[in-house]
Amino acid sequence: ITILILLLAYTIFNQFDIPEIKTEYDGKTAIDYFGKPDYSRANGYYRLFTLGEPEDVDVESEEIYQKYRAYLEPGHPEAKTIKFSKKNHLIETLRKARREYKYDKRLWRDQYFGDSKSWIKKIKMDKREIQKMEELIKIFLERYHRLLYSEKLEDICRHKAFLERDRYGYSSVDTQHPVPNFFAWIKIAPYYNLVQVLKCIEGNWEEGFKNLLRHLTFLRKSLKIQRLNTVKLINQIIMEMTIQVINMMMNEKSCPREFIKEILSQPDLIYQEYGRKDGLITEYIFSTDGQHILNGLYVNTPFNFSQWFYQKNRTFRNYLDYFNKLLYFDRTLPYQLKEDPKDFKYSFKTGLWWLKNPVGKSFLEKSINPRAGNFQRYFIIPFQLKAGFEMLKIGAELRLKYSGKMSGSDTLKPLNTFQTYKDPFSGKPYKWNAKKELLYSIGPDKTDHNGHFTVYDYNNTDFPLPVILYV
């Protein structure tokens, strides 16, 4: 009898939920919140999806456009009839090229992690193989080039948070997700950069540097409109790599000063470009609306006794706290954070968690958790990108003002860019290693390693940018 009384009391105790919580996202799809994008041919975003089509396919044709529009536009009557090949022809061609030619991953890695002199030397040595590679992927490079010069760009990526709600919450036509095409994006981008570098090395700075600058402009434009964090992460990685490549070109003695001036004149990077707010909001809408996660999982299910221990509003409150924590990490400069993302352990099961809303907490614990080992990197990459772009502009001004009459350090200190930009990881001016000619951020561990960079180790690294000075 005592046990029955306790169980009854426990059940009654869990019937008292907190008041309903209202947010600005309630009852909305992502289209409701962000606005409906342009699905017409004028939107160059389509070209991002068609990168992996077979070489003999005219990706600019009306047939291909209609195919992707039917797949991407919510509510399109032909959506369920669209089928895509699992084979990505761009990626298959690149695999073939790696097997056939000397060119391999080392140049990919070196253009992101290496130093200017060794990288340029390798390119010159492998010039013939790179040219063969260029010929092999010529069609794909031309497609990517057209993408970069698209006048209009609006995110039309298909995601359940963007779809029209049906009685179950969301349309179920989304049977495939075009992630492989975005994987193709991160594969073709470094080859495109490499071809432009080769043009610069051979003296065609006008075309080569112009295309690199256009690549940078496109990536910034793309970052502003991305609504999915997975895609934005790819975008940011490609932009960081492109910044490194442009900087290496400016390290060449033959780099024309007018191109360095163009880099210096670039507008500052804004939060909308490096931040993840829109992507987090998309994830939030998907997680909280349409009876997906927080509504209807245990409620209104006949003979399901677990619903007695599920409190909808309290579960929503738990998720909202988690969401706001993610926004805090994203919006706050690292040096201002009160806790390190790598130490973030968000758990819905703490203390006597089972007393209130045990079913809701158990579900959240299983379904929503920090991104394991990638969680720290997830919130560092945006600020690494911000630091890289600011150092690129500082380096450009330093090269233009350096005359040899003063040291690099003395030339650097009074520069407008150096005075304006602050390292997001320290809140102080960026560092300069005179011996190695390195401009650097102290990185997420907030410890000065004299510009030393350790690949994939965010707890023991700086973020350097080599700035070679010539008289």
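A helix here is a DSSP run (H or I) of at least four residues, and helices are numbered from the N terminus. The structure is a predicted model.

**Exercise 1. Two buried helix residues**

Task: State in which helix Ile263 is placed, and determine whether Ile263 is buried or exposed.

Solution.
Step 1. Ile263 belongs to helix H13, which covers residues 257–264.
Step 2. A residue counts as buried under 20% relative accessible area. Ile263 has a relative accessible area of 1%, and is therefore buried.
Step 3. Along the chain, Ile263 and Phe389 are 126 residues apart, while their C-alpha atoms are separated by 9.8 Å.
Step 4. A second case is Leu212, placed in helix H11 (residues 205–225). With a relative accessible area of 0%, Leu212 is buried. Its C-alpha atom is separated by 9.8 Å from that of Val195, a residue 17 positions away along the chain.

**Exercise 2. The cysteines**

Task: Establish how many disulfides the structure holds, and examine Cys200 and Cys255.

Solution.
Step 1. The structure holds zero disulfides.
Step 2. For Cys200, the nearest cysteine sulfur is that of Cys255, 7.5 Å away. A disulfide requires two cysteine sulfur atoms within 2.5 Å, so the pair does not qualify.
Step 3. Viewed from Cys255, the nearest cysteine sulfur is that of Cys200, and Cys255 is likewise in no disulfide.
Step 4. Cys200 is buried, at a relative accessible area of 1%, and Cys255 also counts as buried, at 7%.

**Exercise 3. The sheet**

Task: Describe the order of the strands E1, E2 and E3, and explain why strands E1 and E3 are edge strands.

Solution.
Step 1. The three strands make an open sheet in the order E1-E2-E3, with antiparallel pairing.
Step 2. Strand E1 (431–433) and strand E3 (463–466) each have a single partner strand, so one side of each lacks a neighbour in the sheet.
Step 3. From one strand to the next, the twist averages 30°.
Step 4. E1 is joined to strand E2 (residues 438–441) by three bridges. In this pairing Asn433 has Leu438 as its bridge partner, and Trp432 is opposite Leu439.
Step 5. E1 and E2 form a hairpin with four residues between them. In the turn, Glu437 has a positive phi of about 55°.
Step 6. On the other pairing, four bridges join E2 to E3. Here Leu438 is opposite Pro466.
Step 7. Leu438 and Tyr440 point one way from E2, whereas Leu439 and Ser441 point the other way; all are buried.

**Exercise 4. Salt bridges**

Task: State how many salt bridges a search of the whole structure finds, and analyse selected pairs.

Solution.
Step 1. Side chains of opposite charge can pair when their charged atoms come close. The search finds 18 salt bridges.
Step 2. Arg41 and Glu62 form one of them, at 3.0 Å from N to O. Arg41 lies in the loop between helix H2 (30–34) and helix H3 (46–49), and Glu62 in helix H4 (residues 62–72), so the pair ties together parts that are 21 residues apart in sequence. Arg41 is partly exposed, at 39% relative accessible area; Glu62 is partly exposed as well, at 39%.
Step 3. Glu390 is bridged to Lys386, with the closest N and O atoms 2.7 Å apart. The two residues are four apart in helix H18 (residues 375–401), and therefore about one helical turn separates them. Glu390 is buried at 7%, and Lys386 counts as buried at 11% relative accessibility.
Step 4. Helix H18 also contains Glu397 and Lys401, four residues apart, about one turn of the helix. Their closest N and O atoms are 3.5 Å apart in a salt bridge. Glu397 is buried, with a relative accessible area of 6%.
Step 5. Finally, Lys36, Arg69 and Glu73 are linked in a network of salt bridges.

**Exercise 5. A surface patch**

Task: Identify which residues form a nonpolar patch on the surface, and place Leu352.

Solution.
Step 1. The patch is formed by Phe13, Leu352, Trp354 and Leu355, which together have about 390 Å² of accessible area.
Step 2. Leu352 lies in the loop between helix H16 (312–331) and helix H17 (358–367).
Step 3. The limit for an exposed residue is over 50% relative accessible area. Leu352 has 58%, and is therefore exposed.

Terms used: Residues numbered from 1 in each chain as written. Predicted model: local features only at pLDDT ≥ 70, side-chain atom pairs only at ≥ 80, totals over all residues. Heavy atoms only, no water. Patch = residues over 30% accessible without salt bridge, like charges linked within 9 Å, V, L, I, M, F, W, Y side chains within 5 Å. Areas by Shrake-Rupley, 256 points an atom, 1.4 Å probe, with all protein chains shown as cover. Salt bridge = Lys/Arg side-chain N within 4 Å of Asp/Glu carboxyl O. Buried < 20%, exposed > 50% of the residue type's maximum accessible area, 1.4 Å probe, protein only. Pairing = 2+ DSSP bridges. Axes fitted to C-alpha atoms, helices over the stretch in contact; angles between N-to-C directions.
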